[in-house]
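Q: I would like a close look at one part of this protein, and then at how that part sits in the rest. Please keep the explanation plain.

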Amino acid sequence: MLMHLKLAWRNIWRKPRRTLITCSAIVFAVMAAIAMQSINRGSYEAMIERMVSFSTGHLQLQDYRYEDESSLDNAFPFDQTMLELIRSTDERIEHVVPRLETFMLAANEEYTRGAILLGIDTDKEHRFNSIRNHLTDGRFFKPDEQAVVLTQGLSSRLQLGVGDTLILIGQGRFGMSASGLFAVTGLLEHPIREMNTQAVYMPLKTAQELLSAEDHLTALLISPQRERHTEQVAASLREVFADSELVVFTWPELMPELLELMELDLAGPRFITAILYVVIGFGFLGTVLTMTLERIREFGMLLSIGMSRGRLAGVVFLETFLISCLGVLSGMALAWLTLRLADPIRLSGNAALALMDLGFEPVLPMSFALDQFLMQGLYVFIMAMLVSLYPLVAIFRLNILDAARK
């Protein structure tokens, strides 16, 4: 076997130009497939990260009635004892972020707009999603301050800025009246477009007092140390709260429409990738076909001096195997290096404006998930090995006399 491997290695470098052309076809296929997957997955991963960080969390603990009726009446009590219980449930839990959310009317002296009021613990929220980094003006409120931070879109609609007063009118728990005047201490550019036009942030304690929901939350966001631990942590929490009125949802369960939309949108890139594989496969087949025809006389001479067809086919198979491995590994390495140098791609001009109009940053981040490198490399490798069956068939069907005349 070692002798066959040495023969195969020497054979592929007898004509380095032919070998390099074959490897180049494989390298191009691997790089193109990985780059296409990386750009698409990077954009979706960034979108999911924004939604998870600022909307649902990786895991969400809530009253079982809240999913069907998002009302303050279905808020649940939360205290230090529950926090310690959750922390002790699974050591992989990293963040526990309390939120109190409801709909209210936000107004100034002239205008009124619908708004989503979010009562938050600023320190915990910032450790979870770096919310302070999105401030564009002013500052965040103190924990017990009668103040709010407005999103940019809502502040523009109400024509309010830092130092102005916001009027909030709504309904608290069990029909209690909820209204008040609050100073605007800061403006926030929210990463989620829909939230940027209607979100109002308020200290959690202040929001609980306003809504007659002392020590109550509508949702508790829980984040594991690694995203891949989400399902395991969810299973642990469900076991702990199995006999209570609280339920645990993972982010895919809370955003099924987003996942379906992503799957539908990925159909196009997958189809293009399949076409790319077909084109590259035929190109590689042409290279292998040429290589085989060039060596017909060589194969005939080897068979005529006593080399068995099986042994000759084995050596040729090892040649294509080595070329395929060399091309796939080189393609994966070059793809990683190219993507690392290009990450992230910052758009400009009309393309940037189009993305900003859709509520996204004009940036295309890259995904470096290991599975996409391995899977695309594996697909191209399988394609190359299937193409390599042609010279093996040619060897077993070769007529020695005909080969000697060529």
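Where does Leu289 lie? Please start from there.

A: Leu289 lies in helix α10, which covers residues 256-294. The model is predicted, so every value below is computed from predicted coordinates.

Leu289 is partly exposed, with a relative accessible area of 33%. Leu289 therefore passes the cut-off of over 30% that a residue needs to be counted in a surface patch. The patch in question is nonpolar and has an area of about 540 Å². Besides Leu289, its members are Val278, Phe282, Leu285, Leu293 and Tyr390. Helix α10 supplies the largest share of this patch, namely 5 residues.

Now for the setting of this helix. The protein contains 16 helices and 14 strands. Its radius of gyration is 31 Å, whereas the globule rule gives 22 Å for 406 residues, so the protein is more spread out than a compact globule. Along the principal axes, the C-alpha atoms fill a box of roughly 100 × 55 × 30 Å. Of the 406 residues, 47% are buried.

How far the model can be trusted depends on the place. The mean pLDDT of the protein is 82, and 94% of its residues reach 70 or more. Among the elements, strand β9 (residues 199-203) has the highest mean pLDDT, 93. Helix α13 (residues 349-357) has the lowest, 59. Where pLDDT is low, the predicted coordinates should not be read in detail.

Next come the contacts between charged side chains. The whole structure holds 7 salt bridges. One of them joins Glu125 to Arg99, with 2.5 Å from N to O. This pair links distant parts of the chain: Glu125 belongs to helix α4 (residues 122-129), Arg99 belongs to strand β3 (residues 93-107), and the two are 26 residues apart. Both Glu125 and Arg99 are buried.

A salt bridge also joins Asp123 and Arg132, with an N to O distance of 2.7 Å. Here Asp123 is partly exposed, at a relative accessible area of 39%. Arg132 is partly exposed as well, at 33%.

A further salt bridge is formed by Glu145 and Arg139, where N and O are 2.9 Å apart. The relative accessible area of Glu145 is 21%, so Glu145 counts as partly exposed, since buried means under 20%. Arg139 is also partly exposed, with 38%. Elsewhere, salt bridges that share partners join Asp63, Arg65 and Glu245 into one network.

Cysteines are another thing to check. A disulfide is a covalent bond between the sulfur atoms of two cysteines. A search of the whole structure finds 0 of them. Take Cys23: the closest cysteine sulfur is in Cys325, 10 Å away, which is too far for a bond. Seen from Cys325, the closest cysteine sulfur is the one in Cys23, again at 10 Å and too far for a bond. Cys23 is buried, with a relative accessible area of 6%, whereas Cys325 is partly exposed, with 22%.

The loops hold a few details too. Ala369 sits in the loop between β14 (363-364) and α14 (370-387). Its relative accessibility is 18%, so Ala369 counts as buried. Ala369 and Gln37 are 332 residues apart in sequence, yet their C-alpha atoms are 9.9 Å apart in space.

Two other loop residues have a positive phi. Gln159 has a phi of about 55° although it is not a glycine. Gln159 is found in the loop between α5 (152-158) and β7 (165-171), and it counts as exposed, at 55% relative accessibility. Asp215 also has a positive phi, near 60°, and is a residue other than glycine. Asp215 is placed in the loop between α7 (204-210) and β10 (216-217). With a relative accessible area of 52%, Asp215 is exposed.

To return to the start, Leu289 is a partly exposed residue of helix α10, and it helps to make a nonpolar surface patch of about 540 Å².

Terms used. Residues are numbered from 1 along each chain as its sequence is written. This is a predicted model: local features need pLDDT of at least 70, side-chain atom pairs count only at pLDDT 80 or more; totals for chains, interfaces and linings use all residues. Side-chain values use heavy atoms; hydrogens and water are left out. Patches are made of residues with over 30% relative accessible area and no salt bridge: like charges are joined within 9 Å, nonpolar side chains (Val, Leu, Ile, Met, Phe, Trp, Tyr) within 5 Å. Accessible areas come from the Shrake-Rupley method with a 1.4 Å probe; for residues, only the protein chains shown count as cover. A salt bridge is a side-chain nitrogen of Lys or Arg within 4 Å of a carboxyl oxygen of Asp or Glu. Helices (H or I, at least four residues) and strands (E, at least two) are DSSP runs, numbered from the N terminus. Buried means under 20% relative accessible area, exposed over 50%, partly exposed in between (1.4 Å probe, protein chains only). pLDDT is the predictor's confidence in each residue, from 0 to 100. A disulfide is a pair of cysteine sulfur atoms within 2.5 Å. The radius of gyration is taken over C-alpha atoms; the globule rule is 2.2 Å times the number of residues to the power 0.38.
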